[in-house]
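Let's walk through this structure together, from the confidence of the model to the contacts between its side chains. Please keep the sequence and the 3D view open as you read.

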Amino acid sequence: MDWNNKQAVLTEVTRNSYTLRYASPELQADREVVLAAVSKHGYALNYASPELQADREVVLAAVSHPQRADFYDAPKITEEMVSTLKFASTQLKADREVVLAAVSNDSRALEFASTPLQGDRAIVLTAISNWGKALEFASTPLQGDRDIVLAAVSNSGQALQYASPQLQADRVVVLAAVSTNGTALDFASTLQDDRGVVLAAVSKDGFALQYASPRLKNDKEVVLVAARHYNFQLKNASRRLRDDREVVLAAVSKEQYLGYELKYASTRLKDDREVVLAAVSNDSGALKHASTELKDDIEVVLAAVSKSG
């Protein structure tokens with residue numbers, strides 16, 4: 001392959017835009033070649049000359065086209081996870097039309113927008129409507145804007161971590177966040193003892209129980225709601241409830257999860273035949289957490305062996 005041959009390079013970048021990296025400096029500065037490459041995949045802007053990274057038409061074409069590589073195009077490249085806007089000139093990162101086009105196509109582009117445009121309400125709303133966690137790159141005033149944050153957490157509950165402290169304590173905002181992703185409760189420290197908020201969180205994701213207050217980890221209704229989920233972990237319940245037969249049976253019986261939750265049950269329940277049978281029927285590995293007596297129980301052992309095949 002002759003990387004100085006314009007026609008050959010044009011053919012190649014049209015097929016695989018990443019090959020622009022191999023083109024000669026002259027062809028990396030050739031407008032026709034670069035436009036062909038970025039029209040295939042915007043990330044190819046990375047390999048354009050500085051002059052073309054400052055060319056408005058070229059950059060608009062790049063940020064308006066796909067910005068995530070597929071395996072065929074870039075099997076060994078990890079940089080494609082960076083927004084194309086990163087490679088534009090400083091002047092174009094401050095161009096409202098360019099940035100709006102970029103965040104409309106890839107919310108991550110907000111990270112590379114100029115500081116004034118990270119405070120542009122319309123641009124930020126566009127970014128967070130597609131990916132709520134782009135709130136991380138919004139200006140401080142917009143991270144404290146209730147409507148903006150509500151839009152972000154309604155898209156991605158985890159965006160709550162980037163909201164202002166005041167909004168992380170706003171019950172309406174937090175409820176919207178945990179209703180999207182229960183583990184957003186992690187970022188609402190002042191509401192981790194609010195029963196309604198915690199119930200909403202564990203109803204969405206049983207794993208969220210780990211972020212609840214000690215009082216609510218000891219609330220049987222809350223824990224049973226959490227236990228319905230595949231990723232509930234009995235270790236996050238209070239010691240009292242790890243000795244509650246109904247709670248432990250719920251934890252070890254779920255088909256979607258492993259019976260090794262028996263590990264976190266009380267000593268008393270590790271010696272409960274029905275509980276242990278439920279656990280080993282779900283996961284033969286649970287047998288190692290049973291009491292010594294039940295490890296020698298023929299029915300329990302047979303149930304474990306049957307499960308392991």
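The paragraphs below take up confidence, the nonpolar core, one helix, the aromatic pairs and the salt bridges.

A word on confidence comes first, since what you see is a predicted model. The mean pLDDT of the chain is 91, and 92% of the residues score at least 70. Residues 69–80 deserve some care: pLDDT stays under 50 there, and the model has 21 contacts for this stretch beyond four places in sequence.

Now turn to the interior. The largest nonpolar core holds 103 residues, and those touching the most other members are Leu-20, Val-38, Leu-85, Leu-135, Leu-160 and Leu-262. Helix α5 (residues 56–63) is the element that gives the most to this core, contributing six residues. If you centre your view on Leu-20 and set aside its neighbours within four places in sequence, you will find contacts with Val-13, Leu-27, Gln-28, Val-33, Val-34, Ala-37, Ala-44, Tyr-47 and Ala-48.

Some of those partners lead us to helix α3 (residues 31–40), where Val-33, Val-34, Leu-35, Ala-37 and Val-38 are buried. What do the buried residues of α3 pack against? Their partners are α1, α2, α4 (50–53) and α5. A general point helps in reading such a pattern: an α-helix has 3.6 residues a turn, so residues three or four places apart point the same way. At the N-terminal end of α3, Asp-30 acts as a cap, with a side-chain oxygen 3.0 Å from the backbone nitrogen of Glu-32.

Aromatic rings come next, and the structure holds four aromatic pairs. One of them brings together Trp-3 and Tyr-22: the ring centres are 5.5 Å apart and the planes meet at 50°, so this pair counts as tilted. Trp-3 sits in the segment before α1 (6–15), while Tyr-22 belongs to the loop between α1 and α2 (25–28), so the pair ties together parts 19 residues apart in sequence. Both residues are partly exposed, Trp-3 at 23% relative accessibility and Tyr-22 at 47%. Elsewhere, ring pairs join Tyr-18, Tyr-43, Tyr-47 and Phe-87 into a cluster; Tyr-47 is also among the contacts of Leu-20.

Finally, look at the charged side chains, which form 23 salt bridges. In one of these, Asp-145 meets Arg-121, with the closest N and O atoms 2.6 Å apart. This pair links distant parts of the chain, 24 residues apart: Asp-145 is in the loop between α9 (140–143) and α10 (146–155), and Arg-121 is in helix α8 (residues 121–130). Is Asp-145 buried or exposed? Its relative accessibility is 18%, so Asp-145 counts as buried, whereas Arg-121 is partly exposed at 36%.

Another salt bridge joins Asp-297 and Arg-273, at 2.9 Å from N to O. Here Asp-297 lies in the loop between α18 (292–295) and α19 (298–308), and Arg-273 lies in helix α17 (residues 273–282), 24 residues apart. Asp-297 is buried at 16% relative accessibility, and Arg-273 is partly exposed at 34%. Salt bridges can also share partners, as they do where Lys-6, Asp-30 and Glu-32 are joined into one network. That brings us back to Asp-30, the residue that caps α3.

Note on methods:
Residues numbered from 1 in each chain as written. Predicted model: local features only at pLDDT ≥ 70, side-chain atom pairs only at ≥ 80, totals over all residues. Heavy atoms only, no water. Phe/Tyr/Trp six-rings, centres within 6.5 Å; stacked < 30°, edge-to-face > 60°. Helix = DSSP H or I, 4+ residues; strand = E, 2+ residues; numbered from the N terminus. Buried < 20%, exposed > 50% of the residue type's maximum accessible area, 1.4 Å probe, protein only. Core = buried A, V, L, I, M, F, W, Y, C linked by side-chain atoms within 4.5 Å. Contact = heavy atoms within 4.5 Å. pLDDT = per-residue confidence, 0-100. Polar contact = N/O pair within 3.5 Å; in protein donor to acceptor, adjacent residues only side chain to side chain. Salt bridge = Lys/Arg side-chain N within 4 Å of Asp/Glu carboxyl O.
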